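This report describes the strand arrangement, the nonpolar core and selected local features of one protein chain. The sequence and coordinates are shown first.

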Amino acid sequence: PQPLLHMVQDDPLRVRAEVELHDAAHVCTQQNAAIAADAFPNASIRGQVTSVSPVVTSRRNPAATADAGGKDVVQVVLDLQHNGPKLPIGLPVTVHFEACPSKT
């Protein structure tokens, strides 16, 4: 008999966050975060910062500027834990960053 195969995503799921400049100094690599999605109100989604861009860019969604502070942001990438819910690509989320780990 032929084995039943399924395609699976092998690379980590990621969130790309836009962090306002006044908050950028409080974000660092290996920082843990909680990710919330209005579409999944009961989901517990955990992530960890893998990169913080050294470049200031304009917000990708100009409409979000009205709700947020400014138009200039720093791009931050977080890897999601694999045990979280399956989220659709492009889903808007809110990231709540924990304190940066102590630097030794």
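Where is Q30 found? Q30 lies in the loop between helix 1 and strand 2. The model under discussion is predicted.

## The loop between helix 1 and strand 2

Q30 is not a glycine, yet it has a positive phi of about 70°. Most residues other than glycine have a negative phi. With a relative accessible area of 55%, Q30 is exposed.

The same loop, between helix 1 (21–24) and strand 2 (32–36), also holds C28. In contrast to the exposed Q30, C28 is buried, at a relative accessible area of 10%.

## The disulfide

How many disulfides does a search of the whole structure find? The search finds one, and this disulfide joins C28 to C100 with an S to S distance of 2.3 Å. The two cysteines are 72 residues apart and link distant parts of the chain, C100 being in the segment after strand 5 (94–97).

The two ends of the disulfide fall into separate accessibility classes: C28 is buried because its relative accessible area of 10% is under 20%. C100, at 28% relative accessibility, counts as partly exposed.

## The sheet

Five strands make up an open sheet, in the order 1-4-3-2-5 and with antiparallel pairing. Strand 1 and strand 5 are the edge strands, each pairing on one side only. On average, neighbouring strands of the sheet are turned by 40° against each other, direction ignored.

Strand 4 pairs with both strand 1 and strand 3. Strand 1 (residues 14–20) runs antiparallel to strand 4 and is joined to it by seven bridges; one of the bridge partners in strand 4 is V74, which is matched with V19. Strand 3 (residues 45–58) pairs with strand 4 over eight bridges, again in the antiparallel sense. Here Q48 has D79 as its bridge partner in strand 4, while S51 has V77.

## Burial and the nonpolar core

Why is strand 4 described as largely enclosed by the rest of the structure? The reason is that seven of its nine residues (residues 72–80) are buried.

The largest nonpolar core has 12 residues in all: V15, A17, V19, V27, A33, I35, I45, V49, V76, L78, L80 and V95. Strand 1, strand 2, strand 3 and strand 4 are the elements that give two or more residues to this core. In soluble globular proteins, nonpolar side chains tend to be buried together.

V76 is one of the core residues. Leaving aside its neighbours within four places in sequence, V76 is in contact with V15, R16, A17, V19, V27, V49, S51, V52 and F97. Among these contacts, V15, A17, V19, V27 and V49 also belong to the core.

## E20 and its surroundings

E20 is placed in strand 1. Is this residue buried or exposed? E20 is buried, with a relative accessible area of 15%. Its side chain makes a polar contact of 2.8 Å with the side chain of H22.

E20 and V73 are 53 residues apart along the chain, whereas their C-alpha atoms are separated by 4.6 Å. The two strands that hold this part of the model, strand 1 and strand 4, are joined by seven bridges.

Terms used: Residues numbered from 1 in each chain as written. Predicted model: local features only at pLDDT ≥ 70, side-chain atom pairs only at ≥ 80, totals over all residues. Heavy atoms only, no water. Disulfide = S-S within 2.5 Å. Helix = DSSP H or I, 4+ residues; strand = E, 2+ residues; numbered from the N terminus. Buried < 20%, exposed > 50% of the residue type's maximum accessible area, 1.4 Å probe, protein only. Pairing = 2+ DSSP bridges. Core = buried A, V, L, I, M, F, W, Y, C linked by side-chain atoms within 4.5 Å. Contact = heavy atoms within 4.5 Å. Polar contact = N/O pair within 3.5 Å; in protein donor to acceptor, adjacent residues only side chain to side chain. Axes fitted to C-alpha atoms, helices over the stretch in contact; angles between N-to-C directions.
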